[in-house]
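Biologist: I would like a close look at the aromatic side chains in this model and at what surrounds them. Please take one part first and then work outwards.

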Amino acid sequence: QVQLVESGGGLVQPGESLRLSCETSRGFFSIATMAWYRQVPGKQREFVAILDTRGPTNYTESVKGRFTISGENFKATVALQMNSLKPDDTAVYYCNIDGWITEFSGRMQYWGKGTLVAVSS
């Protein structure tokens, strides 16, 4: 098995920046996608950004131009640089990796336990 651990969350004021990081307990044989999602209590988890190892990145409309996702396949780490934060960005942020731990394991999705980002004046 593999554990994903997010870090970098915190309380910031509107307009400030945060950088979230996600590290894994072991490497992957192959990764299809790395992504970030977020969830506000009482609401469904929503997509934020995705890094497809075979193609371009993609972002939900509300964060385009403000957030940047990056990742390293070899180290199986993924980051989310968040600039110009807004109160509506307040949520628990989860990293997600979709891939194969070994060549025999089959493709699966793995989730971290989340890190809280709070944007408030």
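Are phenylalanine 28 and tyrosine 110 buried or exposed?

Modeller: This is a predicted model, and what follows should be read as such. Phenylalanine 28 and tyrosine 110 are both buried. A search of the whole structure gives 3 aromatic pairs. In the pair made by phenylalanine 28 and tyrosine 110, the ring centres are 5.5 Å apart and the planes stand at 85°, so the pair counts as edge-to-face; the cut-off for that class is over 60 degrees. Phenylalanine 28 belongs to the loop between β3 and β4 (30–39), while tyrosine 110 is in strand β10 (residues 108–111), so this pair ties together parts that are 82 residues apart in sequence.

Another edge-to-face pair is formed by tyrosine 37 and phenylalanine 47, with 5.8 Å from centre to centre and 75° between the planes. Here tyrosine 37 is in strand β4 and phenylalanine 47 in strand β5 (residues 46–52), so the parts tied together are 10 residues apart in sequence. Phenylalanine 47 has a relative accessible area of 25%, so it is classed as partly exposed. Ring pairs join Tyr37, Phe47 and Trp111 into a cluster. Tryptophan 111 also has a charge over its ring: the charged end of arginine 45 sits there, 4.8 Å from the ring centre. The charged end of arginine 45 sits over the ring of tyrosine 94 as well, at 3.7 Å from the centre of that ring.

Next comes the sheet that contains β3. Its 4 strands form an open sheet in the order β1-β3-β8-β7, with antiparallel pairing. β1 (4–7) and β7 are at the edges and have a single partner strand each, so one side of each has no neighbour in the sheet. On average, neighbouring strands of this sheet are turned by 15° against each other, direction ignored. Strand β3 (residues 18–24) is joined to strand β8 (residues 77–82) by 5 bridges, and cysteine 22 has valine 78 of β8 as its bridge partner. On the other side of β8, strand β7 (residues 67–72) pairs with β8 through 6 bridges, again antiparallel; serine 70 is bridged to alanine 79 there. β7 and β8 form a hairpin with 4 residues between them, and alanine 76 in the turn has a positive phi of about 55°.

After β8, the loop leading to β9 (91–100) holds aspartate 89. Its relative accessible area is 2%, so aspartate 89 is buried. The side chains of aspartate 89 and arginine 66 are joined by a polar contact of 2.8 Å. Beyond residues up to four places away in sequence, aspartate 89 touches Arg38, Val63, Arg66, Phe67, Ser84, Val117 and Val119. From aspartate 89 to serine 62 the C-alpha to C-alpha distance is 9.0 Å, with their positions 27 residues apart in sequence.

The last residue to look at is threonine 115, in strand β11 (residues 115–119). Threonine 115 has a relative accessible area of 11%, so it is buried too. A polar atom of its side chain lies 3.2 Å from the backbone nitrogen of glycine 9. Outside its neighbours within four places in sequence, the contacts of threonine 115 include Glu6, Ser7, Gly8 and Gly9, along with Leu20, Ala91, Val92 and Tyr93.

Note on methods
Residues are numbered from 1 along each chain as its sequence is written. This is a predicted model: local features need pLDDT of at least 70, side-chain atom pairs count only at pLDDT 80 or more; totals for chains, interfaces and linings use all residues. Side-chain values use heavy atoms; hydrogens and water are left out. Helices (H or I, at least four residues) and strands (E, at least two) are DSSP runs, numbered from the N terminus. Buried means under 20% relative accessible area, exposed over 50%, partly exposed in between (1.4 Å probe, protein chains only). A polar contact is a pair of N or O atoms within 3.5 Å; within protein, one must be able to donate a hydrogen and the other to accept it, and residues adjacent in sequence count only if both atoms are side-chain atoms. Contact means heavy atoms within 4.5 Å. Two strands pair if DSSP finds at least two bridges between them. Axes are lines fitted to C-alpha atoms, for helices over the stretch in contact, and angles run from 0 to 180 degrees between N-to-C directions. Rings of Phe, Tyr and Trp (its six-membered ring) pair if their centres lie within 6.5 Å; planes under 30 degrees apart count as stacked, over 60 as edge-to-face and the rest as tilted. A charge sits over a ring if NZ of Lys or CZ of Arg is within 6 Å of the ring centre and within 35 degrees of the ring normal.
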